[in-house]
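Here's a quick tour of a protein model, from what sits inside to what shows on the surface. Have a look at it first, then read on.

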Amino acid sequence: MHLTKDFSCRSEETADSLQNSSDPDASYSSHKGQGYQAQVVENYSEESGQLSLITHIEVKSADKHNANSLLPALDALRRRDMVPDEMLADSLYGSDSNCEQARDEYGTEVIAPVMPGS
């Protein structure tokens, strides 16, 4: 339980609550906890059957939504001439909008599970 300004109790942290007085950029997500998240893109070699090279990394505060990270990652990859033909991603990245923009603007097919209830 945490005290609010009027000293009433609430049962959960909010995304905009200060998590660390020495690191005000650290934030909170009820799904991820406090701190930061990292978005990582790796390439995959079909010949070796293994991940082989990290091609993009971005660190963001924990309260930012993952779905908003796909297109900026593809843009960063395009600037380095490393845009993949296919990208495997988890369900949060696979919205219709993300998939369409990735295909139309970057030539990348996003392969992601369908969100439950979609």
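Two residues are in contact when heavy atoms of theirs lie within 4.5 Å. With that in hand, take Val41: which residues does Val41 touch, leaving aside neighbours within four places in sequence? The list is Leu53, Ile54, Thr55, His56, Ala73, Leu77 and Met87. Bear in mind that this is a predicted model.

**The overall layout**

Stepping back, the protein has two helices and seven strands. Read from the N terminus, the elements go β-β-β-β-β-α-β-α-β. The protein has 118 residues, and 28% of them count as buried. If you take contacts between residues at least 6 apart in sequence, 37% join residues at least 24 apart. As for the outside, the protein exposes about 8400 Å², with carbon and sulfur atoms supplying 49% of that area.

**The core**

Val41 also turns up in the largest nonpolar core, which has twelve residues. Alongside Val41, the members are Leu70, Leu71, Ala73, Leu74, Leu77, Met87, Ala89, Tyr93, Ala102, Tyr106 and Val110. Helices α1 (70–79) and α2 (96–106) each put in at least two residues. Which of the elements gives the most to this core? That's α1, with five residues. Looking at α1 by burial, its buried residues are Leu70, Leu71, Ala73, Leu74, Ala76 and Leu77. Ala73 and Leu77 tie back to where we started, as both are among the contacts of Val41. Just after α1, the backbone does something worth a glance: Asp81 takes a positive phi of about 55 degrees.

**Charged pairs**

Now for the charges. Side chains of opposite charge can pair when their charged atoms come close. How many salt bridges are there here? The count comes to three, and here they are:

| Acidic residue | Basic residue | N to O distance |
|---|---|---|
| Asp75 | Arg78 | 3.3 Å |
| Asp75 | Arg79 | 2.8 Å |
| Asp104 | Arg103 | 3.1 Å |

Asp75, Arg78 and Arg79 are linked in a network of salt bridges. The helix helps make sense of the spacing: Asp75 and Arg78 are three residues apart in α1, so about one helical turn separates them. Asp75 and Arg79, four residues apart in α1, are likewise about one turn of the helix from each other.

Are the members of this network buried or exposed? Asp75 is partly exposed, at 26% relative accessibility. Arg78 is partly exposed too, with a relative accessible area of 41%. Arg79 counts as exposed, at 63%. So α1 carries both the buried residues Leu70, Leu71, Ala73, Leu74, Ala76 and Leu77 and the exposed Arg79.

The remaining pair joins Arg103 to Asp104. Asp104 counts as exposed, with 57% relative accessibility.

**A nonpolar patch outside**

Where does a nonpolar patch show up on the surface? Val40, Ile54 and Ile57 make one of about 280 Å². Val40 is found in strand β4, which covers residues 33–45, and counts as partly exposed at 44% relative accessibility. Ile54 is a familiar name by now, being one of the contacts of Val41. Put side by side, Val40 contributes to the surface patch, whereas Val41 belongs to the nonpolar core.

Methods
Residues are numbered from 1 along each chain as its sequence is written. This is a predicted model: local features need pLDDT of at least 70, side-chain atom pairs count only at pLDDT 80 or more; totals for chains, interfaces and linings use all residues. Side-chain values use heavy atoms; hydrogens and water are left out. A nonpolar core is a set of buried Ala, Val, Leu, Ile, Met, Phe, Trp, Tyr and Cys residues joined through side-chain atoms within 4.5 Å. Buried means under 20% relative accessible area, exposed over 50%, partly exposed in between (1.4 Å probe, protein chains only). A salt bridge is a side-chain nitrogen of Lys or Arg within 4 Å of a carboxyl oxygen of Asp or Glu. Patches are made of residues with over 30% relative accessible area and no salt bridge: like charges are joined within 9 Å, nonpolar side chains (Val, Leu, Ile, Met, Phe, Trp, Tyr) within 5 Å. Accessible areas come from the Shrake-Rupley method with a 1.4 Å probe; for residues, only the protein chains shown count as cover.
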